[in-house]
Amino acid sequence: MQLRDTILQNSYEQFYKHGFHDSGVELLAKQAGTTKRTLYAHFGNKEGLIEAVLNYRHRMFMTQLKNAFDKFEIKETKDVARCYLDFLKDWTSSVDFYGCMFINACAEYSDAQSSPHQIAKQHKAEVRQWLFDKFEQAGAKNAKQQSDTLFVFGEGVIVAAQTGQESLDLDVKTLRVFA
């Protein structure tokens with residue numbers, strides 16, 4: 001593994017478990033087995049590293065999402081909702097779930113113009129677009145409404161799990177839009 005990749009992976013794990021502000025560059029460099037100077041040579045500064053980690057997480061998330069859908073046969077629009085919610089349930093109930101890195105980034109960088117906030121916004125927009133595309137492929141007459149509803153419902157599932165409410169008993173059928 002290249003040193004840059006080692007720094008990126010170790011920083012991802014540290015940021016995900018402990019947050020961006022609580023993870024100092026000295027610690028990040030030490031965990032990657034390098035120096036601050038080398039870390040800066042690869043990423044410019046901590047902000048550059050945060051941007052790289054968020055982009056890394058975006059690629060990882062989208063790959064995991066696509067893989068989940070590849071294993072699920074989508075025949076009807078309700079299958080899109082079922083697959084996405086199953087994907088979220090599996091992720092949020094995993095032992096290494098520490099919340100959504102993009103929601104966390106928005107919480108830690110509340111300025112909507114900050115780079116982490118912008119990357120998070122772009123990630124969420126791409127997830128919404130991806131869901132929209134899946135609903136359209138399934139022949140949904142109201143793909144935008146269904147994808148927006150599923151997206152917001154999914155975000156609620158993520159936040160509920162992140163705040164210790166993973167034991168919720170959910171019934172997607174009550175959201176008639178997926179029927």
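# Exercises on an all-helix model

D79 is buried, with a relative accessible area of 7%. The model used in these exercises is predicted.

## Exercise 1. Place D79 in the fold

Task: State which helix holds D79 and which residues D79 touches, leaving out residues up to four places away in sequence.

Solution.
- Step 1. D79 belongs to helix α5, which runs over residues 77-92.
- Step 2. Burial is assigned under 20% relative accessible area, and D79 has 7%, so D79 counts as buried.
- Step 3. Beyond residues up to four places away in sequence, D79 is in contact with F72, E73 and I74.
- Step 4. The C-alpha atoms of D79 and K134 are 9.8 Å apart, with the two positions 55 residues apart along the chain.

## Exercise 2. Describe helix α5 and its cover

Task: Compare the end-to-end reach of α5 with the expected value, list the buried residues of α5, and name helices that cover them.

Solution.
- Step 1. Helix α5 has 16 residues, and from its first C-alpha to its last it reaches 23 Å.
- Step 2. At 1.5 Å a residue the expected value is 22 Å, and the reach of α5 is close to that.
- Step 3. The buried positions of α5 are T77, D79, V80, A81, C83, Y84, L85, F87, L88, W91 and T92.
- Step 4. The cover over these buried residues includes α1, α4, α7 and α8.

## Exercise 3. Characterise the packing of α1 against α4

Task: Give the axis distance and crossing angle for α1 and α4, then the residues that meet and their classes.

Solution.
- Step 1. Two packed helices are described by the angle between their axes and the distance between the axes.
- Step 2. The axes of α1 (residues 3-18) and α4 (residues 46-70) come within 9 Å, crossing at roughly 85°.
- Step 3. Angles of 65 to 115 degrees count as roughly perpendicular, so α1 is roughly perpendicular to α4.
- Step 4. On the α1 side the contact is formed by R4, I7, L8, Q9, S11, Y12 and F15; on the α4 side it is formed by K46, L49, I50, A52, V53, Y56, R57 and M60.
- Step 5. Sorted by class, this contact of α1 with α4 comprises ten nonpolar, two polar and three charged residues.

## Exercise 4. Work through three salt bridges

Task: For the pairs E26 and K36, E73 and K75, and D148 and R128, give the N to O distance and the exposure of each partner.

Solution.
- Step 1. Side chains of opposite charge can pair when their charged atoms come close. The structure holds six salt bridges.
- Step 2. In the pair E26 and K36 the N to O distance is 3.9 Å. E26 lies in α2 (residues 25-31) and K36 in α3 (residues 36-43), so this pair ties together parts ten residues apart in sequence. E26 is exposed at 56% relative accessible area, whereas K36 is partly exposed at 35%.
- Step 3. E73 and K75 form a salt bridge with an N to O distance of 4.0 Å. E73 is exposed, at 57% relative accessibility, and K75 is exposed, at 59%.
- Step 4. The side chains of D148 and R128 meet at 2.8 Å, N to O. This pair links distant parts of the chain, with D148 in α8 (residues 143-162) and R128 in α7 (residues 115-137), 20 residues apart. D148 is partly exposed at 22%, and R128 is partly exposed at 34%.
- Step 5. R128 and D148 also belong to a network of salt bridges together with K144.

## Exercise 5. Place N104

Task: Decide whether N104 is buried or exposed, and list its contacts beyond residues up to four places away in sequence.

Solution.
- Step 1. N104 sits in helix α6 (residues 101-108).
- Step 2. The cut-off for buried is under 20%, and N104 has 18% relative accessibility, so N104 counts as buried.
- Step 3. With residues up to four places away in sequence left out, N104 touches F20, Y98, G99 and Q162.
- Step 4. F20 is 84 residues from N104 along the chain, and their C-alpha atoms are separated by 8.7 Å.

## Exercise 6. Summarise the whole chain

Task: Describe the secondary structure, the spans, the burial and the share of long-separation contacts.

Solution.
- Step 1. The protein has eight helices and zero strands, in the order α-α-α-α-α-α-α-α along the sequence.
- Step 2. The C-alpha trace spans about 55 × 30 × 30 Å along its principal axes.
- Step 3. Of the 179 residues, 43% are buried.
- Step 4. Among contacts with a separation of 6 or more, 62% involve residues 24 or more positions apart.

Technical notes:
Residues are numbered from 1 along each chain as its sequence is written. This is a predicted model: local features need pLDDT of at least 70, side-chain atom pairs count only at pLDDT 80 or more; totals for chains, interfaces and linings use all residues. Side-chain values use heavy atoms; hydrogens and water are left out. Axes are lines fitted to C-alpha atoms, for helices over the stretch in contact, and angles run from 0 to 180 degrees between N-to-C directions. Helices (H or I, at least four residues) and strands (E, at least two) are DSSP runs, numbered from the N terminus. Angles under 35 degrees count as roughly parallel, over 145 as roughly antiparallel, 65 to 115 as roughly perpendicular and the rest as oblique. Contact means heavy atoms within 4.5 Å. Ala, Val, Leu, Ile, Met, Phe, Trp, Tyr, Cys and Pro count as nonpolar, Asp, Glu, Lys and Arg as charged, and the others, Gly among them, as polar. Buried means under 20% relative accessible area, exposed over 50%, partly exposed in between (1.4 Å probe, protein chains only). The expected span of a helix is 1.5 Å times one less than its number of residues.
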